[in-house]
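Me: I'd like to go through the labels on this structure and hear what backs each of them. Here it is.

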Amino acid sequence: MRTEAKNEFEKEFWKLLINSVFGKCMENVRTRTSIKLVSSEKKANKLMAKTNFKDRTTYSKNLMAIHQHKETIKFDKAIHVGSAILDVLKTFIEIHKGQPGFFKDELK
């Protein structure tokens, strides 16, 4: 699709689309956090007493953000697809790296 693009916008569009698919496949769901905004001290103390408490951010006297680790992690990302894409790309680069001018940086 990208090679059949007629203008620069279409080329960049397909490039970003492919990169976003790769990025979503390789996304690390373990690092996600849950943020809850609370306005009462009682609710804030209750949330901070939980075992998944990570940090807090105080915005004003009556507003605080409680950062928590996710209680359950759903592994719904296709990491094996992202790994396969990366392996194919590495092989492709290894095959073509000896060709002068193959990469745009070499033309400058």
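Me: Why is Leu37 called exposed?

Reply: Its relative accessibility is 60%. Exposed means over 50% relative accessible area, buried means under 20%, and partly exposed is what lies in between (1.4 Å probe, protein chains only). At 60%, Leu37 therefore counts as exposed. Before we go on: this is a predicted model, where local features need pLDDT of at least 70 and side-chain atom pairs count only at pLDDT 80 or more, while totals for chains, interfaces and linings use all residues. Residues are numbered from 1 along each chain as its sequence is written, and side-chain values use heavy atoms, with hydrogens and water left out.

Me: Where in the chain is Leu37 found?

Reply: Leu37 is in strand S1, residues 33-38. Strands here are DSSP runs of E with at least two residues, helices are runs of H or I with at least four, and both are numbered from the N terminus. The chain has three helices and three strands, in the order α-β-α-β-β-α along the sequence.

Me: What makes the nonpolar surface patch that Leu37 belongs to?

Reply: Ile35, Leu37, Tyr59 and Leu63 make it, and the patch covers about 430 Å². To join a patch, a residue needs over 30% relative accessible area and no salt bridge; nonpolar side chains (Val, Leu, Ile, Met, Phe, Trp, Tyr) are joined within 5 Å, like charges within 9 Å. Areas come from the Shrake-Rupley method with a 1.4 Å probe, and for residues only the protein chains shown count as cover. Leu37, at 60%, clears the 30% mark.

Me: Is Ser34 buried or exposed, and how do you know?

Reply: Buried: its relative accessible area is 19%, and that is under the 20% limit. Ser34 is also in strand S1. Leaving out residues up to four places away in sequence, Ser34 touches Ile66, His67 and Gln68, where contact means heavy atoms within 4.5 Å. Ser34 and Lys70 are 36 residues apart in sequence, yet their C-alpha atoms are 6.0 Å apart.

Me: What makes S2 and S3 a pair?

Reply: Two strands pair if DSSP finds at least two bridges between them. S2 and S3 have six, in the antiparallel sense, so they qualify. One of the bridge partnerships joins Asp55 to His67 in S3. The two strands form a hairpin with two residues between them.

Me: Which residues make the largest nonpolar core?

Reply: Val38, Ala44, Leu47, Met64 and Ile66. H2 and S3 each supply at least two residues of this core. A nonpolar core is a set of buried Ala, Val, Leu, Ile, Met, Phe, Trp, Tyr and Cys residues joined through side-chain atoms within 4.5 Å. Not counting residues up to four places away in sequence, Leu47 touches Lys36, Val38, Phe53, Ile66 and Gln68. Of the chain's 108 residues, 14% count as buried.

Me: Why is the Lys50 and Glu71 pair called a salt bridge?

Reply: The closest N and O atoms are 3.8 Å apart. A salt bridge needs a side-chain nitrogen of Lys or Arg within 4 Å of a carboxyl oxygen of Asp or Glu, so this pair qualifies. Lys50 lies in the loop between helix H2 (41-48) and strand S2 (53-60), and Glu71 in the loop between strand S3 (63-69) and helix H3 (79-96), so the pair ties together parts that are 21 residues apart in sequence. Lys50, at 33%, counts as partly exposed, whereas Glu71, at 60%, is exposed.

Me: How many salt bridges turn up in the whole structure?

Reply: Three. Lys24 meets Glu27 at 3.0 Å, N to O, and Arg32 reaches Glu27 with its closest N and O atoms 3.0 Å apart. Lys24, Glu27 and Arg32 are thus linked in a network of salt bridges.

Me: What makes Lys24 partly exposed?

Reply: Its 45% relative accessibility sits in the band between 20% and 50%. Glu27, at 22%, counts as partly exposed as well, and so does Arg32, at 34%.
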